[in-house]
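Thanks for sharing this one. Here are some notes to read with the viewer open, as numbered points you can take in order.

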Amino acid sequence: MRQLNSEVLLQSGYLVDTAENGAVAWDTLSARRYDLLVTDHSMPKLTGVELLRKLHAASMAVPAILATGSLPKAELELYPWIKPAATLLKPYTIAQLVGTVKQVLHTTGDGKRGIVASF
């Protein structure tokens, strides 16, 4: 899924780095500035919500798209300050992914520094 999504985003003209789990995504985000994070919630080592909490605690203003099979409503209600910029519920289409990325980047920035995708 991560490979397919990154290929679609690359073909759509975005710069994309991928991470195989939440811990690698955190390390990647800590090493370089990005315009967007696309992440699943259910990941090994660090969930999507835990990743969003770490971003918030580090005052890193990276908008996030939570692309997941089940929305972690209870956790998002517990931590309302980590609300993602958008959510995509699986299964989603390629058009929905690209459209959501385009919409979030249009609202929050220009996308020149790239995207981190972690699924």
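A word on terms before the points: a residue is called exposed when its relative accessible area is over 50%, and buried when that area is under 20%. Please also keep in mind that this is a predicted model.

1. Let's begin with confidence. The protein has an average pLDDT of 87, and 92% of the residues score at least 70. Helix H2 comes out highest, at a mean of 93, while strand E5 (residues 115-118) comes out lowest, at 68. Where pLDDT is low, the predicted coordinates should not be read in detail. With that in mind, I would look at E5 with some caution.

2. Helix H1 (residues 2-11) is a good place to start looking. Which of its residues are buried? They are Asn5, Ser6, Val8 and Leu9. Viewed down the axis of H1, these buried residues stay within an arc of 160 degrees, so they line one face of the helix. Gln3 and Gln11 are exposed, on the face of H1 turned away from that buried side. Just after H1 comes Gly13, whose phi is positive, at about 95 degrees.

3. Helix H2 (residues 22-31) can be read in the same spirit. Its buried residues include Gly22, Ala25, Trp26, Thr28 and Leu29. Why can they be said to line one face of the helix? Looking down the axis of H2, the buried residues fall within an arc of 165 degrees, so one face holds them. Asp27 and Ala31, on the other side of H2, are exposed. At the start of H2, look for Asn21: a side-chain oxygen of this residue comes to within 2.9 Å of the backbone nitrogen of Ala23.

4. Next, the nonpolar interior. The largest nonpolar core has 18 residues, and Leu29, Leu37, Leu51, Leu52, Leu55 and Ile82 are those with the most contacts inside it. H2, H3 and strand E3 (64-68) are the elements that give two or more residues to this core. H3 contributes the most, with 4 residues. Another core, of 15 residues, lies apart from the largest one; among its members are Val16, Leu36, Ala67 and Ala86.

5. Asp40 deserves a closer look. Where does Asp40 sit? Its place is in the loop between strand E2 (36-39) and helix H3 (48-57). Asp40 counts as buried because its relative accessible area is 6%, against a cut-off of under 20%. A polar atom of the Asp40 side chain lies 3.3 Å from the backbone nitrogen of Ser42. The Asp40 side chain also makes a polar contact with the side chain of Lys90, at 2.7 Å.

6. Thr68 belongs to the same picture. This residue is found in strand E3, and it is buried, with a relative accessible area of 1%. The side chain of Thr68 makes a polar contact with that of Asp40, at 3.0 Å. So, when you display Asp40, please show Ser42, Lys90 and Thr68 along with it.

7. From Lys90, step on to Pro91. Is the peptide bond between them cis or trans? The bond from Lys90 to Pro91 is cis, with omega near -5 degrees. Pro91 lies in the loop between strand E4 (86-89) and helix H5 (94-108).

8. Now the aromatic side chains. The count comes to 1 aromatic pair, formed by Tyr79 and Trp81 in an edge-to-face arrangement, with 5.6 Å from centre to centre and 75 degrees between the planes. Tyr79 is buried, with a relative accessible area of 17%. The charged end of Arg53 sits over the Tyr79 ring, 4.1 Å from the ring centre.

9. Finally, two backbone details in loops. Lys45 has a positive phi of about 70 degrees although it is not a glycine. This lysine is in the loop between E2 and H3 and is exposed, with a relative accessible area of 69%. Ser59, also not a glycine, has a positive phi of about 55 degrees. Ser59 is found in the loop between H3 and E3, where it is exposed, with a relative accessible area of 68%.

Conventions
Residues are numbered from 1 along each chain as its sequence is written. This is a predicted model: local features need pLDDT of at least 70, side-chain atom pairs count only at pLDDT 80 or more; totals for chains, interfaces and linings use all residues. Side-chain values use heavy atoms; hydrogens and water are left out. Buried means under 20% relative accessible area, exposed over 50%, partly exposed in between (1.4 Å probe, protein chains only). The arc is that of the directions from the helix axis to the C-beta atoms. A polar contact is a pair of N or O atoms within 3.5 Å; within protein, one must be able to donate a hydrogen and the other to accept it, and residues adjacent in sequence count only if both atoms are side-chain atoms. pLDDT is the predictor's confidence in each residue, from 0 to 100. Rings of Phe, Tyr and Trp (its six-membered ring) pair if their centres lie within 6.5 Å; planes under 30 degrees apart count as stacked, over 60 as edge-to-face and the rest as tilted. A charge sits over a ring if NZ of Lys or CZ of Arg is within 6 Å of the ring centre and within 35 degrees of the ring normal. A nonpolar core is a set of buried Ala, Val, Leu, Ile, Met, Phe, Trp, Tyr and Cys residues joined through side-chain atoms within 4.5 Å.
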